[in-house]
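Opened the notebook to go through one chain today. I want its overall layout, its nonpolar core and its aromatic pairs.

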Amino acid sequence: MVLILGFSFAAGCTGSPTPGQVNPAETIPAALPITPLPAPFVVTTAASTELAVIQSKGAGFNPGTGYTFEYPGNIAVVNGVYNSVGIVIRYSDGMEYRFDARGMGGSNVTLKPYNIFPSPAYRGQYPTNFIILDGMRYSTIHQYNNGADWWVATSDTIVGPDQAPLHSS
């Protein structure tokens with residue numbers, strides 16, 4: 001009986017592991033804290049949209065008269081409908097000249113000719129071109145397209161509200 005009791009007490013005891021034996025409690029590493037990776041920051045940029053285009057013929061003296069200094073061309077609204085569309089040219093001294101094309105736009109590209117008459121003193125100078133759409137001023141990006149200078153206003157070239165009305169009603 002003593003032997004049976006001794007075997008039953010020793011049944012749960014184990015000795016030190018033999019050289020080929022591995023103790024499972026020693027091989028499991030402690031759990032490491034989980035550090036979540038930050039979620040990637042996704043920036044979605046809206047594609048730039050062309051709104052209007054100036055097709056400039058450049059400034060110069062009118063070949064018909066030989067003496068009228070003018071800045072002729074066409075303005076096209078390529079995206080949207082606007083109650084008020086205009087062109088502003090500004091020279092380096094801050095002087096601005098304007099053309100009011102009135103309302104433009106719609107399902108088809110609308111094209112209107114324009115003619116601005118700056119002072120002949122600006123001969124040989126290149127103005128900065130702006131397009132005004134419903135009271136908002138857009139700077140323009142120069143493009144050379146099939147032998148003509150184009151000045152394009154896009155949705156991301158907005159400058160802000162125009163300070164002077166194109167026309168009074």
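My entries on this predicted model follow.

**Layout.** I started with the secondary structure and got two helices and 11 strands. Reading from the N terminus, I meet α-α and then the run of β elements. The chain has 169 residues, and 28% of them are buried. I also looked at contacts with a separation of 6 or more: 59% of these join residues 24 or more positions apart. The exposed surface comes to about 11,600 Å², with 60% of it from carbon and sulfur atoms.

**Core.** Next I pulled up the largest nonpolar core, which has 22 residues. Ile75, Val85, Ile87, Ile89, Ile116, Ile131 and Leu133 touch the most other members. Strands giving at least two residues each include β1 (50-56), β3 (69-77) and β10 (148-154). Which strand gives the most? That is β4, with four residues. I then checked Ile75 by itself: leaving out residues up to four places away in sequence, its contacts include Val53, Ala101, Met104, Leu111 and Tyr114.

**Aromatics.** I count six aromatic pairs. Tyr71 and Tyr114 have ring centres 6.2 Å apart and planes at 40°, so I log the pair as tilted. Tyr71 sits in β3 and Tyr114 in β6, so this pair ties together parts 43 residues apart in sequence. Both tyrosines, Tyr71 and Tyr114, are buried. For Tyr97 and Tyr122 I get 6.1 Å between centres and planes at 80°, so that pair is edge-to-face. Tyr97 is in β5 and Tyr122 in the loop between β6 and β7, so here the linked parts are 25 residues apart. Tyr97 and Tyr122 are both buried. I also noted a cluster of Tyr71, Phe99 and Tyr114.

**Last look.** Arg137 lies over the face of Phe130, 4.7 Å from the ring centre.

Definitions and conventions. Residues numbered from 1 in each chain as written. Predicted model: local features only at pLDDT ≥ 70, side-chain atom pairs only at ≥ 80, totals over all residues. Heavy atoms only, no water. Core = buried A, V, L, I, M, F, W, Y, C linked by side-chain atoms within 4.5 Å. Buried < 20%, exposed > 50% of the residue type's maximum accessible area, 1.4 Å probe, protein only. Contact = heavy atoms within 4.5 Å. Areas by Shrake-Rupley, 256 points an atom, 1.4 Å probe, with all protein chains shown as cover. Phe/Tyr/Trp six-rings, centres within 6.5 Å; stacked < 30°, edge-to-face > 60°. Lys NZ or Arg CZ within 6 Å of the ring centre and 35° of its normal.
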